[in-house]
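Biologist: Please take a close look at a single part of this model and set it in the context of the whole chain. I should like the terms defined as you proceed.

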Amino acid sequence: MLPDDIKMADGDVWEYSFNYKASVTATVGLQTQTSPGGYLGNGPDLDFTTEWQLFEGTTVYAGAGAFALNFGPVAGDYYIDNLSFKRQELAPGFEEETTNGNFETNDLSGFTLGGSAAMEITTPGADGTGRAMKFSNPTQQVNAYEAQFIVILANNVKMAADDEWRYSFDYKADQPASVGLQTQTSPYGYLGNGPTLSFTTEWQRFEGTTVYPGMGALSFDIGTVPARSKKDVH
Ligand SMILES: [Ca+2]
């Protein structure tokens, strides 16, 4: 249970970790709850063994105020230690420079498309509730940049060499795919290539701090991905 009736909120960054083991081998589902007994959704499964393991996560479950380990199906003794939940505030001087980055409103002014790409809001979001963005490539292209989902930094801001930036998002796809990120001065203005993401069918979290001087937009280039593939970011 989180103290002081704290609830996780979209836009928060939470880090949590604990050690766990059991007297038996068992898969135990982690359940997110609004408060004890108040079902919210399902978190990851833990594969308990007789050895101590460390679980570390950063996913935010909006509305969560408690977590339960559902160990009813397997009889045994379960051990947990070093349990930690930490909410990280934005550091002084950091401002949010995405518009509707959690996709919970219909304001899509911070996003645009290039080439053959399409986008639509989908449910649920990465935390099992709320909404996420789904972008797709209806027609496989020759070049990756011929289908782009573009994130535009708010307020026409551009990264500067002496800035500090932190950025993060959750992402998954309906099939494994390698997708390059392209840095842009503004939508369609090629600046350079960012990291390549290995999408899988499970939500993953990307976190970065690299500064690309001049960058005002970031595109996900999916032109060469077969047409049935869809990408979700959150
Ligand atoms: Ca969301």
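Modeller: The protein chain is divided into domain 1 (3–87) and domain 2 (111–233), with bounds that come from an automatic or database domain assignment. Residues are numbered from 1 along each chain as its sequence is written. The model is predicted: local features need pLDDT of at least 70 and side-chain atom pairs count only at pLDDT 80 or more, while totals for chains, interfaces and linings use all residues.

Taken over C-alpha atoms, the centres of domain 1 and domain 2 are separated by 30 Å. Nine residues from domain 1 and six residues from domain 2 form the contact, where two residues are in contact if their C-beta atoms, placed from the backbone, lie within 7 Å. The side of domain 1 that touches domain 2 has three nonpolar, five polar and one charged residues; here Ala, Val, Leu, Ile, Met, Phe, Trp, Tyr, Cys and Pro count as nonpolar, Asp, Glu, Lys and Arg as charged, and the others, Gly among them, as polar.

The protein chain has zero helices and 16 strands. Both are DSSP runs numbered from the N terminus (helices: H or I, at least four residues; strands: E, at least two).

The part I have chosen is an open sheet of five strands, ordered 7-10-15-12-13 with antiparallel pairing; two strands pair if DSSP finds at least two bridges between them. Strand 7 (111–115) and strand 13 (190–199) stand at the edges with a single partner strand each, so one side of each has no neighbour in the sheet. On average, neighbouring strands of this sheet are turned by 25° against each other, direction ignored; the axes are lines fitted to C-alpha atoms, and angles run from 0 to 180 degrees between N-to-C directions.

Within the sheet, strand 10 (residues 147–152) runs antiparallel to strand 15 (residues 217–221) and is joined to it by five bridges. Gln148 stands opposite Asp221 in strand 15.

Trp165 lies in the loop between strand 10 and strand 11 (167–173). Trp165 counts as partly exposed because it has 16 C-beta neighbours inside 10 Å; a residue is buried with 20 or more other C-beta atoms within 10 Å of its own, exposed with 12 or fewer, and partly exposed in between. Leaving aside neighbours within four places in sequence, Trp165 is in contact with Met159, Thr209 and Val211. The C-alpha atoms of Trp165 and Gly208 are separated by 8.1 Å, although these residues are 43 residues apart along the chain.
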